[in-house]
Amino acid sequence: MKYYSKTDIGLKRNENQDRVWVSALGDNEEAVALVVCDGMGGENAGSCASQMTLDLMRERITNGFRLSNNRNFIRNLLITSVTAANSLVFDRARAESDKRGMGTTCVAAIVYGERAYIINVGDSRCYHIFGENMQQITKDHTEIRRLIEKGEITEEESKTHPRRNCITRAVGAARDITPDYFEIDLEEGHSLLLCSDGLHSYGDDAEIAGIMVNNPIGKCCDLLIDYALANGGKDNVTAAVVKC
């Protein structure tokens, strides 16, 4: 497997509150882990939440994963990692007044044995790229997504809606959290893209798919960052990719 990541502060922000980690698991690189976090909660607090979450998930996944793990173990490893991070961030936000209200999105995946195990909280996304196609695997935890599903607004209207940045679920925002979990089969040549909303909010899925499909995987993160910046780049932007 080949895997890459890149993060950029963007054109308007004073601080990059995104965090990303991509790493092989095991001596023979038979498995790969990817984590993308997008912090929120004001100056420094958002960075604190995303860094705490990434650090804890990296530690738990690195120490807990074994090539002998079965599907249920990997599922539990991802769920317990993100729920532990939620407790850590929530407790610190309550203990320190300058951290009140901080939180972070989190999308993470472990790719192993022709299968991807994926978890998400918030609006950072995971896409599956296969052949000429790209499919969004995760579901945004946002007010906009709720309104679209209720039929109150269209996808096109959502791009300029005043509540488009309202997240309904985040790591550290509440004492308890329920992440979404997914498993998908992968074949040789398939790819995953994990990204913060600094990418998907400043572009079109079809154009993002075109970048992923028509370029070597080693160039995709650079090209995706350039694409988001060319479309305004008002937010931090992060991309992590892996190809089987």
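**View 1. The buried side of helix 6.** Start with helix 6, residues 205–214, where Ile208, Ala209, Ile211 and Met212 are buried. Those four cover an arc of only 160° around the axis, so they end up on the same side of helix 6. The spacing makes sense: an α-helix has 3.6 residues a turn, so residues three or four places apart point the same way. Keep in mind that this is a predicted model.

**View 2. The other side of helix 6.** Flip over to the other side of helix 6 and you meet Ala206 and Asn214, both exposed.

**View 3. What the buried residues of helix 6 pack against.** Four strands are worth picking out here: strand 6 (125–130), strand 7 (133–136), strand 9 (191–195) and strand 10 (237–243) are among the packing partners of the buried residues of helix 6. Helix 5 (197–200) and helix 7 (217–230) join in as well.

**View 4. The N-terminal cap of helix 6.** Zoom in on Asp204, which caps the N-terminal end of helix 6. One of its side-chain oxygens sits 2.9 Å from the backbone nitrogen of Ala206.

**View 5. Stepping back to the whole protein.** Seven helices and 10 strands make up the secondary-structure tally. With a radius of gyration of 17 Å, close to the 18 Å the globule rule gives for 244 residues, the protein is as compact as a globular protein of that length. The C-alpha trace spans about 45 × 40 × 35 Å along its principal axes, and 51% of the 244 residues count as buried. For contacts between residues at least 6 apart in sequence, 69% link residues at least 24 apart. Accessible surface adds up to about 11,300 Å², with 43% of that belonging to carbon and sulfur atoms.

Conventions. Residues are numbered from 1 along each chain as its sequence is written. This is a predicted model: local features need pLDDT of at least 70, side-chain atom pairs count only at pLDDT 80 or more; totals for chains, interfaces and linings use all residues. Side-chain values use heavy atoms; hydrogens and water are left out. Buried means under 20% relative accessible area, exposed over 50%, partly exposed in between (1.4 Å probe, protein chains only). Helices (H or I, at least four residues) and strands (E, at least two) are DSSP runs, numbered from the N terminus. The arc is that of the directions from the helix axis to the C-beta atoms. Contact means heavy atoms within 4.5 Å. A polar contact is a pair of N or O atoms within 3.5 Å; within protein, one must be able to donate a hydrogen and the other to accept it, and residues adjacent in sequence count only if both atoms are side-chain atoms. The radius of gyration is taken over C-alpha atoms; the globule rule is 2.2 Å times the number of residues to the power 0.38. Accessible areas come from the Shrake-Rupley method with a 1.4 Å probe; for residues, only the protein chains shown count as cover.
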